[in-house]
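Please open the structure in your viewer and keep the sequence panel visible. The tour below goes from one selection to the next and says what is there at each stop.

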Amino acid sequence: MIQDEYFSVHAGLTINVEPLDDSAACPDDEAFRLEIPPLFRVASECSELEESTERLLSNFGSDDSKALIGYLGAQNTKINLLLSYVLSQQDDPTVRFTTRTFGASRLSFISSTPLATGRTVRMKLFLNDPPAAIYCYGEVIDCQPYNNQSGDDSDNSGDNNSYEIHLRYTQLLESDRDLLIRAALHVQQKLLRERAQQRSDR
């Protein structure tokens with residue numbers, strides 16, 4: 001396998017994976033940008049604005065600003081809840097999978113149907129933190145038989161004849177790559193906190 005350009009984490013994201021016809025090719029940059037559904041653009045822009053707002057608020061430290069920070073935080077929570085609900089409507093259960101691993105350059109998931117190496121797929125990725133949805137294209141870089149002997153919840157194939165499929169992104173907005181980096185960091189930090197808590201409880 002090609003070495004990962006970015007670190008990946010073991011976590012379950014809801015994804016939609018739609019294999020294209022063998023003759024179909026990944027769109028070029030201009031066609032891809034025009035193809036992205038408006039809602040996915042809005043989601044990406046909202047997440048960027050949220051990150052900018054968090055950086056701005058971190059500069060406030062006086063008691064006088066606490067009320068403002070609390071108010072803006074509450075409004076941000078409301079927007080995130082609404083955004084998460086709207087984005088969930090874009091999830092197609094007929095092509096829904098859950099990632100085993102994901103990062104800013106690739107992901108993997110389990111499927112009852114194999115995909116040939118080099119196959120182009122259209123994807124939607126639904127992030128929880130930050131709440132966002134990503135529209136992109138990918139290419140199958142590996143597909144191997146998978147035996148779920150560990151009881152991994154991300155094995156949602158419902159079939160003993162399962163395959164672990166690895167994809168790399170072939171069309172992905174840089175702003176969305178940044179979102180994936182933030183999401184992977186959030187998962188990593190959460191795991192580190194849980195491990196630290198487990199050590200302190202011993």
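What follows is a walk through a predicted model, stop by stop.

**Stop 1: the main core**

Begin by selecting Phe102, Leu107, Met123, Leu125, Leu167 and Leu180. These residues have the most contacts inside the largest nonpolar core, which has 29 residues. Now colour the elements that give two or more residues to this core: the strands β2 (14–19), β3 (96–103), β4 (106–111), β5 (120–128), β6 (131–146) and β7 (162–171), together with the helix α4 (174–201).

Keep Met123 selected and show its surroundings. Leaving aside residues up to four places away in sequence, Met123 touches Asn16, Val17, Leu107, Ile134, Tyr135, Cys136, Tyr137, Gly138, Leu167 and Tyr169.

**Stop 2: strand β4**

Select β4 next. How many residues of β4 are buried? The count is 6 of the 6, so β4 is largely enclosed by the rest of the structure. In a regular strand, side chains alternate between the two faces of the sheet. Here both faces are covered: Arg106, Ser108 and Ile110 lie on one side, Leu107, Phe109 and Ser111 on the other, and all are buried.

Add β3 to the selection. A hairpin of 2 residues joins β3 to β4, and the two strands pair in the antiparallel sense over 3 bridges. Phe102 stands opposite Leu107 of β4.

Then add β7. β4 and β7 also pair in the antiparallel sense, over 6 bridges. Leu107 stands opposite Leu167 in β7. Phe102, Leu107 and Leu167 were among the core residues selected at the start.

**Stop 3: helix α4**

Select α4 and look along its length. The helix has 28 residues; at 1.5 Å a residue they should span 40 Å, and the end C-alpha atoms are 41 Å apart, which agrees. To see its buried residues, select Asp176, Arg177, Leu179, Leu180, Ala183, Ala184 and Val187. One of these, Leu180, is also among the residues with the most contacts inside the largest core.

**Stop 4: the ring cluster**

A search of the whole structure finds 5 aromatic pairs. Select Phe32 and Tyr137. Their ring centres are 6.1 Å apart and their planes stand at 75 degrees, so the pair is edge-to-face. The pair links distant parts of the chain: Phe32 is in helix α1 (residues 29–35) and Tyr137 in strand β6, 105 residues apart.

Are these two rings buried or exposed? Phe32 is buried, with a relative accessible area of 1%, and Tyr137 is buried too, at 2%.

Add Tyr135 to the view. Tyr135 and Tyr137 form an edge-to-face pair as well, with 6.3 Å from centre to centre and 85 degrees between the planes. With Phe40 added, ring pairs link Phe32, Phe40, Tyr135 and Tyr137 into a cluster.

**Stop 5: Thr120**

Move to Thr120, in strand β5. At 13% relative accessibility, Thr120 counts as buried. Apart from residues up to four places away in sequence, Thr120 touches Pro19, Leu20, Ala24, Cys26, Tyr137 and Gly138. Tyr137 is also one of the ring cluster.

**Stop 6: salt bridges**

The last stop concerns charged side chains. A search of the whole structure finds 7 salt bridges; three are visited here.

- Select Glu35 and Arg122. Their side chains meet in a salt bridge (3.5 Å, N to O). Glu35 lies in helix α1 and Arg122 in strand β5, so the pair ties together parts that are 87 residues apart in sequence. Glu35 is partly exposed at 29% relative accessibility, and Arg122 is partly exposed at 23%. Add Glu18 to see Glu18, Glu35 and Arg122 linked in a network of salt bridges.
- Select Arg168 and Glu139. The closest N and O atoms of this salt bridge are 2.7 Å apart. Arg168 lies in strand β7 and Glu139 in strand β6, so the pair ties together parts that are 29 residues apart in sequence. Arg168 is partly exposed at 32%, as is Glu139 at 21%.
- Select Asp91 and Arg96. Their side chains meet in a salt bridge at 2.8 Å, N to O. Asp91 counts as buried at 18% relative accessibility, whereas Arg96 is partly exposed at 39%.

Terms used
Residues numbered from 1 in each chain as written. Predicted model: local features only at pLDDT ≥ 70, side-chain atom pairs only at ≥ 80, totals over all residues. Heavy atoms only, no water. Core = buried A, V, L, I, M, F, W, Y, C linked by side-chain atoms within 4.5 Å. Buried < 20%, exposed > 50% of the residue type's maximum accessible area, 1.4 Å probe, protein only. Helix = DSSP H or I, 4+ residues; strand = E, 2+ residues; numbered from the N terminus. Contact = heavy atoms within 4.5 Å. Expected span 1.5 Å × (residues − 1). Phe/Tyr/Trp six-rings, centres within 6.5 Å; stacked < 30°, edge-to-face > 60°. Pairing = 2+ DSSP bridges. Salt bridge = Lys/Arg side-chain N within 4 Å of Asp/Glu carboxyl O.
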